[in-house]
Amino acid sequence: MHFKPIIIACFVATAVLSTSSAVYAAGGSSGPAVKYAKQGQIGEVITNPYKIAPLTAIIRTGGYKLDNVSVRIVPKKDGQEIAYKVGKGEVLTHGGIPVFGLYPDYVNTVEVKYTRIDPKGAKKDISESYQIYAPPVYTEVNGGASTKSTMFDTNVVKIDPKFKDRLYLVNNLLVSPPKGSRVVWNNPSGGALEWCFYPQNAIIDTNGEVRWYLNADPIYDMESVYNGGVMMGFQQGEDGTLTWGYGQRYVKYDIMGREVFNRRLPAGYADFSHSFDQAQNGNYLLRVASNDVKRPDNKNVRTVRDVILEVSPDGKVVDEWRLWEILDPYRDIVIKSLDQGAVCLNLDANSAGKTLSSDDLAEMDKSDHFGDITGVGVGRNWAHVNSVDYDPTDDSIIISSRHQSAIIKIGRDKKVKWILGAPDGWKKGWAEKVLKPVDEKGKEIVCENGKCEESDFDWTWTQHTAFRIDSKSDKDIVYVTAFDNGDGRGLEQPAMPSMKYSRAVIYKIDQKKGTVQQVWEYGKEKGHDWYSPVTSLTAYQPDKDSVMVYSATPQMQLVAGKAVGAPSPYLQEFKWGEKEPSVEIRINNSMGYQAMPFRVQEAFK
């Protein structure tokens, strides 16, 4: 019996086309045994070619050589154009013209230009239009308003013309998904495996429209030990590809969905989350944990968010930073001030407003209670490192330790170079490394008990993302961006939760003098409405001399010990030095982690 193949996208067959012509969409698989109607003067259209990026397509070469390729996605009325040139290597890699940025549930008009080279070497410059239907967003949902149709319910508040061409990669998390994790580490005890949210990763334009999203299901399984976890640490490298990690994996894909690698963590490590840095030395820096450590009391444990792992591009372990051997895992002055209802990854509404006492920590340390719990000592969440960034000038790393409320620079020799954080609670050997705050004239600012009087200077508290601004820094002066979440500010909980606030902040560090100056901040004046108790990002963008800020969990309310409502992140971008955003997009009722500009031209060079 003979069955005709199913064509996924509808089409209208055309005769031989002129140099500039319009055709309707086609789809289906390539194959010499079956003749498909073509859309243009080369091959057929393959939608979602790698199964994980439904808003992409490939226009096959049809057996021709192609050169001078460019693509333009015609925008909807008053919409945002996406246009890019395609390098020769990209055409060869994908076997055709890669198409990125399709609108979901829409017949997209795609304009392509290329030089077609026939078998005899004759060249023909061709311009033509394709119409390609892309399906609606289909992904796991939890019934929230932001997940019913286009993944994100956006509200564009402000777009400066300078930023109109921006695309933003949004890395959010689906809380309370219909599927749940079924696994937990227990041998050796502890670890952070049970933390598992379904991924919501998409690229939006400055109209708030989804133009790409990750259909994670082919590479992800919440009920699997080695294929579940939280997708985090997205970064677009200089080669245009995306890297990130989840649970026990770290991965690299291009924006079309083509796998470069998808690997298990090396055998001695576990529980990736938060940060994957493509370091300038060519290696990868991953924030992980050790899967088996012998404590001084002779107990074996999995550690929690306190190892920086360096791996080569081929997956070989190059180095590691075991932070309990570098820092003080028993410094508890910050941990005792944290709101136990919002200890970042283990949100517990029933513990809202509660803090830990010295007796609580001492009793815990005597016990065998290890794992993803806020506490001190190896095997508990004493450090909670949520970012790592490489400094190529002296082969060092800069980390953000949430549960120490400190940004710390550590050398290849595993020695602390400096600590950007309140001086309280650091013992000898670390206390000397704490940076001294100064004003713009270099005058020292007096800070005691977590507070700096008569000054706008403040430390970061339970911060996320400590990133070096490479283009403005050198071997002596380092600019660092951070998102100061603000829990435990001044080493205490305020009289009322509504007094809490967050900040995006930039510091200037003089490494020779051991001083730090606060040069910019935003958010304090916005008060509690802008407060994000967990997650979020601040990062410099060299292409527009701007600062990207993602306040990812504002308006996450805890009322009478219960979670009420959902966060509605602020996606903002500021011109350097400006106090008001040039871009502001709200993402309603969505649990945010991080967001960042996506550079489309670099993805296809």
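**Notes on the predicted model: confidence, spaces and one small sheet**

1. Let's start at the N terminus. Residues 1-24 keep a pLDDT under 50 throughout, and the model gives this stretch 47 contacts beyond four places in sequence. A second stretch, residues 26-37, also has pLDDT below 50, with 27 contacts in the model beyond near neighbours in sequence. Where pLDDT is low, the predicted coordinates should not be read in detail. I would keep that in mind when looking at the contacts of residues 1-24 and of residues 26-37.

2. Now the chain as a whole. This is a predicted model, and its protein chain has an average pLDDT of 90. A score of at least 70 is reached by 88% of the residues.

3. On to the open space. The largest pocket has a volume of about 1100 Å³. Its lining counts 41 residues, and those nearest the centre are Gln235, Gln236, Asp277, Asp470 and Arg599. Two or more lining residues come from each of β14 (232-236), β19 (276-278), β27 (385-391), β34 (464-468), β38 (537-541) and β44 (591-597). Sorted by class, the lining of this pocket holds 16 polar, 14 nonpolar and 11 charged residues.

4. Next, the enclosed spaces. Rolling a probe the size of a water molecule over the atoms shows where empty space is left. The structure has 3 cavities of 30 Å³ or more, and the largest cavity contains about 80 Å³ of space. Among the residues lining the largest cavity are Trp195, Gln248, Asp271, Phe272, Arg287 and Arg305. The class count for this lining is 5 nonpolar, 4 polar and 3 charged.

5. The second largest cavity has a volume of about 40 Å³. Its lining includes Ser181, Val183, Cys196, Met222, Ser224 and Val225. No charged residues appear in that lining, which has 6 nonpolar and 4 polar ones. Leu193, Trp195 and Gly229 are worth a look in your viewer: they line the largest cavity and also the second largest cavity.

6. Finally, a sheet to look at. Three strands make an open sheet with mixed pairing, in the order β11-β22-β21. Because β11 (189-190) and β21 (293-294) are at the edges with a single partner strand each, one side of each has no neighbour in the sheet. Strands of a sheet pair through backbone hydrogen bonds, either parallel or antiparallel. Which sense do β11 and β22 adopt? β11 and β22 (residues 300-302) are parallel, with 2 bridges between them. Ser189 has Val301 of β22 as its bridge partner.

Conventions. Residues are numbered from 1 along each chain as its sequence is written. This is a predicted model: local features need pLDDT of at least 70, side-chain atom pairs count only at pLDDT 80 or more; totals for chains, interfaces and linings use all residues. Side-chain values use heavy atoms; hydrogens and water are left out. On a 1 Å grid over the protein atoms alone, a cavity is a set of points where a 1.4 Å probe fits but cannot get out, and a pocket is an open set with protein on both sides within 12 Å along at least five of seven lines; lining residues have an atom within 4 Å of a point. Grid points are joined across faces, edges and corners, and a volume is the space filled by probe spheres set on the points. Helices (H or I, at least four residues) and strands (E, at least two) are DSSP runs, numbered from the N terminus. Ala, Val, Leu, Ile, Met, Phe, Trp, Tyr, Cys and Pro count as nonpolar, Asp, Glu, Lys and Arg as charged, and the others, Gly among them, as polar. Two strands pair if DSSP finds at least two bridges between them. pLDDT is the predictor's confidence in each residue, from 0 to 100. Contact means heavy atoms within 4.5 Å.
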